[in-house]
Amino acid sequence: MSTAPEVRPQVEAALRGETVHFEYHAGGLVYEIWYAPDSLGQGEIIGFGVDVTEHRRALEERSQSEAFNRRIIESSPDCIQVLDPGGVLAMRYTVRALERP
């Protein structure tokens, strides 16, 4: 079985007895890959990968949304107050500082 050159260092580390975890990009997809030595000690490794492309995309979208909202709040000259579902003040934001009651 041949090994893709870009993951050869991780395969070699697993063959030396190390457990490795890394990210692999291929064809526009992102995978989290794990390799571990076979517990029988026969010079083999066990590996598996998970496609995390959609998860990473969702994290990036959330990060961009949070940054956008932060810029809006930080540029507002008004005091912004956030109430919890019971109507209790949960957060107050002013131009000078973020305040919590």
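**Exercise 1. How many salt bridges does a search of the whole structure find?**

Solution. Start with the source. This is a predicted model, in which local features need pLDDT of at least 70 and side-chain atom pairs count only at pLDDT 80 or more, while totals for chains, interfaces and linings use all residues. Residues are numbered from 1 along each chain as its sequence is written, and side-chain values use heavy atoms, with hydrogens and water left out.

Next, fix the criterion: a salt bridge is a side-chain nitrogen of Lys or Arg within 4 Å of a carboxyl oxygen of Asp or Glu. Searching the whole structure with it gives six salt bridges.

**Exercise 2. Which elements make up the secondary structure of the protein, and how do they run from the N terminus on?**

Solution. Helices (H or I, at least four residues) and strands (E, at least two) are DSSP runs, numbered from the N terminus. Counting them gives two helices and six strands. Their order from the N terminus is α-β-β-β-α-β-β-β.

**Exercise 3. Describe the salt bridges of Glu23, Arg57 and Glu18, with the exposure of each partner.**

Solution. Step one is the exposure scale: buried means under 20% relative accessible area, exposed over 50%, and partly exposed in between (1.4 Å probe, protein chains only).

Step two takes Glu23. Its salt bridge is with Arg56, and the closest N and O atoms are 2.0 Å apart. The pair links distant parts of the chain, since Glu23 is in strand β1 and Arg56 in helix α2, 33 residues apart. Glu23 is partly exposed at 38% relative accessible area, and Arg56 is partly exposed at 28%. Glu23 and Arg56 also belong to a network of salt bridges that includes Glu32.

Step three takes Arg57, whose side chain meets that of Glu54 in a salt bridge (2.1 Å, N to O). Arg57 and Glu54 are three residues apart in helix α2, so about one helical turn separates them. Arg57 counts as partly exposed at 36% relative accessibility, and Glu54 is partly exposed at 48%.

Step four takes Glu18, which forms a salt bridge with Arg16 through their side chains (3.3 Å, N to O). Glu18 is partly exposed at 37%, whereas Arg16 is exposed at 58%.

**Exercise 4. Which residues of helix α1 are buried, and what do they pack against?**

Solution. Helix α1 covers residues 8-15, and its buried residues are Val11, Ala13 and Ala14. These cover an arc of only 160° around the axis, so they lie on the same side of α1; the arc is that of the directions from the helix axis to the C-beta atoms.

For the packing, contact means heavy atoms within 4.5 Å. The buried residues of α1 pack against β1 (20-26), β2 (29-37) and β3 (45-51). Following α1 is Gly17, with a positive phi near 105°.

**Exercise 5. Which aromatic rings pair, and what is the geometry of each pair?**

Solution. A pair of aromatic rings is described by the distance of the centres and the angle of the planes. Rings of Phe, Tyr and Trp (its six-membered ring) pair if their centres lie within 6.5 Å; planes under 30 degrees apart count as stacked, over 60 as edge-to-face and the rest as tilted. The search of the whole structure finds two aromatic pairs.

In one pair, the ring centres of Phe22 and Tyr35 are 5.6 Å apart and the planes stand at 55°, so the pair is tilted. Phe22 lies in strand β1 and Tyr35 in strand β2, 13 residues apart, and the pair links distant parts of the chain. Both Phe22 and Tyr35 are buried.

In the other, Trp34 and Phe48 are stacked, at 5.0 Å centre to centre with 15° between the planes. Trp34 is in strand β2 and Phe48 in strand β3, so this pair ties together parts that are 14 residues apart in sequence. Trp34 is partly exposed, at 26% relative accessible area.

**Exercise 6. What makes up the nonpolar surface patch, and how much area does the protein expose?**

Solution. Accessible areas come from the Shrake-Rupley method with a 1.4 Å probe; for residues, only the protein chains shown count as cover. Patches are made of residues with over 30% relative accessible area and no salt bridge: like charges are joined within 9 Å, nonpolar side chains (Val, Leu, Ile, Met, Phe, Trp, Tyr) within 5 Å.

Phe68, Ile72 and Ile73 make a nonpolar patch of about 260 Å². Ile72 sits in helix α2 (residues 53-75) and is partly exposed at 45%.

For the protein, the exposed area is about 7,700 Å², of which carbon and sulfur atoms supply 55%. Of its 101 residues, 16% count as buried.
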